[in-house]
Protein chains: 2
Amino acid sequence: MGVRELGLPQRAASEGLPARVTIWEVGPRDGLQNEKSIVPVEVKLEFLDRLAAAGLTVLEATSFVSPKWVPQLADAEQLLDGLTRRPGVRYPVLVPNERGLARALDAGCTDIAIFASATETFAQRNLNSTLDKQFDMFTPVAAGARQAGMDVRGYLSMCFGDPWEGPVGYEQVVTAGQRLFELGCSQLSLGDTIGVATAGQVEGLLAAFGAAGIGPERLAVHFHDTYGQALANTLAALRCGVSTVDSSAGGLGGCPYAESATGNLATEDLVWLLDGLGVETGVNLDELVATSAWMAERLGRPSPSRVVNALAG
Amino acid sequence: MGVRELGLPQRAASEGLPARVTIWEVGPRDGLQNEKSIVPVEVKLEFLDRLAAAGLTVLEATSFVSPKWVPQLADAEQLLDGLTRRPGVRYPVLVPNERGLARALDAGCTDIAIFASATETFAQRNLNSTLDKQFDMFTPVAAGARQAGMDVRGYLSMCFGDPWEGPVGYEQVVTAGQRLFELGCSQLSLGDTIGVATAGQVEGLLAAFGAAGIGPERLAVHFHDTYGQALANTLAALRCGVSTVDSSAGGLGGCPYAESATGNLATEDLVWLLDGLGVETGVNLDELVATSAWMAERLGRPSPSRVVNALAG
């Protein structure tokens, strides 16, 4: 049951929406990483396989961050070893440093992602580095990955607001983004890590990237729903030509203790929008909802996705 | 604490957003009407007064529907009698029939709203009438109200999808809307009663009204967040020139038994968007959040508003 049965699908009149959107599914990595109780590797593998079966073509599978920092993903090698890779599906992994790259290479990965901060304070707090020096840290990682024929994605955090610094200027974000492209990233994902952005700011930042020669075809957006803005921001980005959107099946992620965690944009809510707009995703919403409902049961609490609650609640 | 401290307010480049939006606050009526445990009239009065103090200028106060159908609002007379009307604030009430109009007149109301259905099935089920005959029912109500110098708003339900009929065609909605204007309504609120609409459909319907000579200045939108689309749909409507938006403080409404009810668009999430876009509302977000947090305590469960949870959770 989807928007086609209940509503009237209608491509937006003249807004130049992309014909097809690639959903970069972050649930298995970004969604699960903050879960306190360890999810068995078999459950993670079934989750990945069901997401691929539902038609998702990019599944961020795990992370090679130190198990000390993210115990939930300490099973990265075991997971990748057990993974049945479906044809046409990419399984990128997050890599923080050269040690992580070596592990990713050993595991046979072909896609990695590195993550930088757009602000000084978050570079210090999250990476124990500085806004400037973080790029030196990633230089050998990106170079090594490229040399091995891997695709490298860059994540940029705090692109709109920072809890310590407040609003973040467009130029600062564009400069940080340019440095990730210079390192060899093929795509840059702009993260609203604390979920404060609104639609006008999204358009403003994308325009600033455009003015610097970086078009929407090289950019992705990664919105959090902390203030309920994730989908409206996504719509604004689509209208600027962005055609890769990060989201998390069932809205996994955010604070695992909240009644209704408000973290990542839920993939189901995104698919509802895109189905309604007539934008192709290749995703079967019913299968995706069933998968997220199944995962919510494994985790022992309801999904924060509106669509999951409406269709499977 | 609002978007101005945490993010970068930015009026959307060239999108012709309205400079000011009137929020039609439906929490006290639409939000509370499905609450099973009766909220004391003193609490409702404090709620209304705090909403007005927070800067809201249109507060749908109660309904003169039969207490048999909506026991929660059986105290309509008592509430209106106890209400301290603030200057510059309107307190419309819902009126289903001539009996309701007489009660509204006795209570000294100056603004009423009537409610029709855009579909046959819902006209039968909600009004025990037909798509055609419902307008006859409202004719004397609207005429009597106008004669008494009242302002009459028309609500139209199921403007996008209907649970029994599926997608609803634009022409059908425009025709029903025209009939409400012919009855003497000054404004028409387009309701997505089951929350299935997506942004392209919103633009399509507003364009269809425009083609029939009914511009966005005479229209309001009323979105439900059942599938997470309410704010994205609102953004689409704003870009079409709509400048009256219905919402419910704290997201009150919807199913009172769900962990996180997904009913009306939360006023706080709307204000966050509008503040970020630089669109004036006159609302103080901090006071509004405090009011909704207080009301959530009275009702004994968390607010479904993302903003309320983030700032007061």
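This passage walks through the sheets, the helix packing and an aromatic pair of a predicted model with chains A and B.

The model is predicted, with local features needing pLDDT of at least 70 and side-chain atom pairs counting only at pLDDT 80 or more, whereas totals for chains, interfaces and linings use all residues. Residues are numbered from 1 along each chain as its sequence is written, chains are lettered from A and ligands numbered from 1 in the order in which they are written, and side-chain values use heavy atoms, with hydrogens and water left out.

The sheet of chain A is a good place to begin. Helices (H or I, at least four residues) and strands (E, at least two) are DSSP runs, numbered from the N terminus. Strands of a sheet pair through backbone hydrogen bonds, either parallel or antiparallel. Here, two strands pair if DSSP finds at least two bridges between them. In chain A, nine strands make up an open sheet with the order 2-1-11-10-9-6-5-4-3, and their pairing is parallel. At its edges stand strand 2 (58-59) and strand 3 (62-63) of chain A, each with a single partner strand, so one side of each has no neighbour in the sheet. Elsewhere in this sheet, strand 9 (residues 187-192) of chain A runs parallel to strand 10 (residues 219-223) of chain A, and five bridges join them. Within that pairing, A:Leu190 is found opposite A:Val221 in strand 10 of chain A. Helix 6 (residues 120-127) of chain A lies across strand 5 (111-117) and strand 6 (151-157) of chain A, at about 125° to strand 5 of chain A. For such packing, contact means heavy atoms within 4.5 Å, while axes are lines fitted to C-alpha atoms, for helices over the stretch in contact, and angles run from 0 to 180 degrees between N-to-C directions.

Chain B also holds an open sheet of nine strands, in the order 2-1-11-10-9-6-5-4-3 and with parallel pairing. Strand 2 (58-59) and strand 3 (62-63) of chain B are its edge strands, each pairing on one side only. Strand 1 of chain B pairs with strand 2 of chain B in the parallel sense over two bridges, and B:Trp24 has B:Val58 in strand 2 of chain B as its bridge partner. Strand 1 of chain B also pairs with strand 11 of chain B, again in the parallel sense, over four bridges; there, B:Glu25 faces B:Ser247 in strand 11 of chain B. Strand 10 (residues 219-223) of chain B runs parallel to strand 11 (residues 244-247) of chain B and is joined to it by two bridges, with B:Val221 opposite B:Val245. Helix 11 (residues 267-277) of chain B packs on the sheet, where it touches strand 1 (22-25) and strand 11 of chain B and makes about 175° with the direction of strand 1 of chain B.

Helices pack on one another as well. Two packed helices are described by the angle between their axes and the distance between the axes. In chain A, the axes of helix 11 (residues 267-277) and helix 12 (residues 285-299) come within 10 Å and cross at roughly 165°. That makes helix 11 of chain A roughly antiparallel to helix 12 of chain A (angles under 35 degrees count as roughly parallel, over 145 as roughly antiparallel, 65 to 115 as roughly perpendicular and the rest as oblique). Their crossing is left-handed, a term used if the near helix is turned anticlockwise from the far one by less than a right angle, with right-handed used if clockwise. On the side of helix 11 of chain A, the contact includes A:Val271 and A:Trp272, and helix 12 of chain A brings residues including A:Leu288 and A:Val289.

In chain B, helix 10 and helix 11 pack at an angle of about 40°, with their axes 11 Å apart. Helix 10 of chain B and helix 11 of chain B are therefore oblique to each other, and their crossing is right-handed.

A:Trp272 appears again among the aromatic pairs, of which the structure holds eight over all chains. Its ring and that of B:Tyr227 have their centres 3.9 Å apart and their planes at 10°, so the pair is stacked. This pair crosses between chains, linking helix 11 of chain A to the loop between strand 10 and helix 10 (230-239) of chain B. Rings of Phe, Tyr and Trp (its six-membered ring) pair if their centres lie within 6.5 Å; planes under 30 degrees apart count as stacked, over 60 as edge-to-face and the rest as tilted.
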